[in-house]
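User: Hello! I am new to this structure and would like a close look at one part of it. Could you take me through a single strand and its surroundings?

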Amino acid sequence: RSNNTEFIGRNSELQKLLDICNAPPGETARVILIVGDAGIGKSRLVSEVSRAIEKSNSQMAMSCRGFYGMFEPFSAVRECVQQLVAQPERVTREMLLDDIRASCVAEDEVAITSIGNLHNALFAHSDTDAPLAAGNLTDSVGRKLYTIRYGFRNLINLKRPDSSAIFLIDEVLELDDESKEIFFHLMSPEAKFPGVFIISCRSNRVGEVLTRDLANIEMIKVGGLSETASLELAAAFNASRMPDEQVDLGESELAELVRKSSGNPLFLQEMLTALSRKSNDDNDRYGQPHAIAQTPVLQAVIAERIDQFSSEQKRVLKIASTLGEEFPRVILSKVLSRLNTEWSPVEDLIAGSVLTIAQEPDNDFLRFTHPLFREVSAGSILERDEIEFHRAAFQVMEPGQGLGAHALALAKAQHAQ
């Protein structure tokens, strides 16, 4: 995603990460895990750390990013090796070894030989290699993994003898499997590698990182931007567009846009993009404010998140969406009971930060963390189910459940339609 706009609302997190990078190295790797939802700003934060380190010219950080889809084995390690040499676009074995010898105070021939082997494994390709028999395949892959892991570590040690290595790995779980294993090994206590690893992953996959053998790990959870920062970012997004693509929004319209984004920069940017695609055709979905959630990028992000839920959780999400963006907890409980649906999926949705609890003096309310999730969920309900859900909601609407008389009358009218 583009980094053309000003960096807004994450300066405290950025400074904390830079302080960690500048701290004296320990005996083992220090791992900082940046966690957050898709589009929340993890990639931008990692990018800004890299930019700040490069600008200071006091350290060197190696960066790589996991990609969704197919990629070559060891591609992330290969990318980091290229960042350690003077001419990354043309890494020959001779150039790599000459570069290492020139930067070494005392030559270590064993280590230098391992780096030559590293180059052969990463960059040398032969079209005449005979296919391996199935029985030898595992041994061959294991030897290559060891050769690259051993040579890679020696390369880092010889290139950076006086300070710890800094790795910035965005979407670490989306790296190719081979690179992922090498990096996680370096992060482990067993490796005794004095480096700093700033890695990121999505909230729903954090358990996959925490099950790894990482003794010295700290988590930074990136949440939504504040209302003030979101308004500032919206103005920056808008100003970065061509004049004919800018959106002329009033104060109340901008506030509603920020509210719907829940502080998610990607959601905010996509909603502005949708509003800028104005059309003379009244049926153009991109020109209609109520259809903001239907932009392709937002649909893909939200659909990916919802697809991870079980069928029971999806059903509860749809039922909750018929009650609105915020509703008394007791009403949802009664609607689920009437529809013979268990309560436990609600707890799962709360734990997954899709729903959140808002405690009021007289009652507990539930609300959607992202209003756009509610819009997409409501839009996916089949007509026969929608009638069933609204009928159940109408039947349980009674005084004394957290809604005043006026709000109760409006709610009953909504579900009666």
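Analyst:

**A close look at strand E3**

Strand E3 is covered on both faces: Ile166, Leu168 and Asp170 are buried on one side, and Phe167 and Ile169 are buried on the other. Please keep in mind that this is a predicted model. The split between two sides fits a general pattern, because side chains in a regular strand alternate between the two faces of the sheet. Counted along the strand, 5 of the 5 residues of E3 are buried. Here, buried means under 20% relative accessible area.

Where does E3 sit in its sheet? The sheet is open and has 5 strands in the order E2-E3-E4-E1-E5, with parallel pairing. Its edge strands are E2 (61-65) and E5 (217-221), each of which pairs on one side only. On average, neighbouring strands in this sheet are turned by 15° against each other, direction ignored.

Now to the neighbours of E3. In general, the strands of a sheet pair through backbone hydrogen bonds, either parallel or antiparallel. Strand E3 covers residues 166-170, and 5 bridges join E2 to it, the two strands running parallel. Two residue pairs let you trace this connection by eye: Cys64 has Ile169 as its bridge partner in E3, and Arg65 has Asp170. Strand E4 is joined to E3 by 4 bridges, and this pair runs parallel too. One pair to look for there is Phe167 with its bridge partner Phe197 in E4.

Helices also meet this part of the sheet. Helix H2 (residues 42-56) packs on the sheet, where it touches strand E1 (30-36), E2, E3 and strand E4 (196-202). The direction of H2 makes about 155° with that of E3. Helix H3 (residues 75-82) lies across E2 and E3, and runs at about 150° to E2.

If you follow the chain towards E4, you come to Ser188, in the loop between helix H7 (177-187) and E4. Is Ser188 buried or exposed? Ser188 counts as buried because its relative accessibility is 6%, and the cut-off for buried is under 20%. Leaving aside neighbours within four places in sequence, Ser188 is in contact with Asp213 and Leu214.

Another feature to find is a cavity. A search of the whole structure gives 1 cavity of 30 Å³ or more, with a volume of about 110 Å³. Its lining includes Arg202 and Asn204, along with Asp37, Ala38 and His370. Arg202 belongs to the stretch 196-202 that makes up E4, the strand joined to E3 by 4 bridges. Helix H12 (residues 296-307) gives the largest share of the lining, 3 residues. By class, the lining has 4 nonpolar, 4 polar and 4 charged residues.

Finally, here is the wider setting. The protein chain has 18 helices and 8 strands, and 45% of its 417 residues are buried. Among contacts between residues at least 6 apart in sequence, 73% join residues at least 24 apart. As you turn the model, you can start from E3, with its 5 buried residues, and move outwards to E2 on one side and E4 on the other.

Terms used. Residues numbered from 1 in each chain as written. Predicted model: local features only at pLDDT ≥ 70, side-chain atom pairs only at ≥ 80, totals over all residues. Heavy atoms only, no water. Pairing = 2+ DSSP bridges. Axes fitted to C-alpha atoms, helices over the stretch in contact; angles between N-to-C directions. Contact = heavy atoms within 4.5 Å. 1 Å grid on protein atoms, 1.4 Å probe; cavity = no way out; pocket = protein on both sides within 12 Å on 5 of 7 lines; lining within 4 Å. Points joined across faces, edges and corners; volume = space filled by probe spheres on them. Nonpolar A, V, L, I, M, F, W, Y, C, P; charged D, E, K, R; others polar. Buried < 20%, exposed > 50% of the residue type's maximum accessible area, 1.4 Å probe, protein only.
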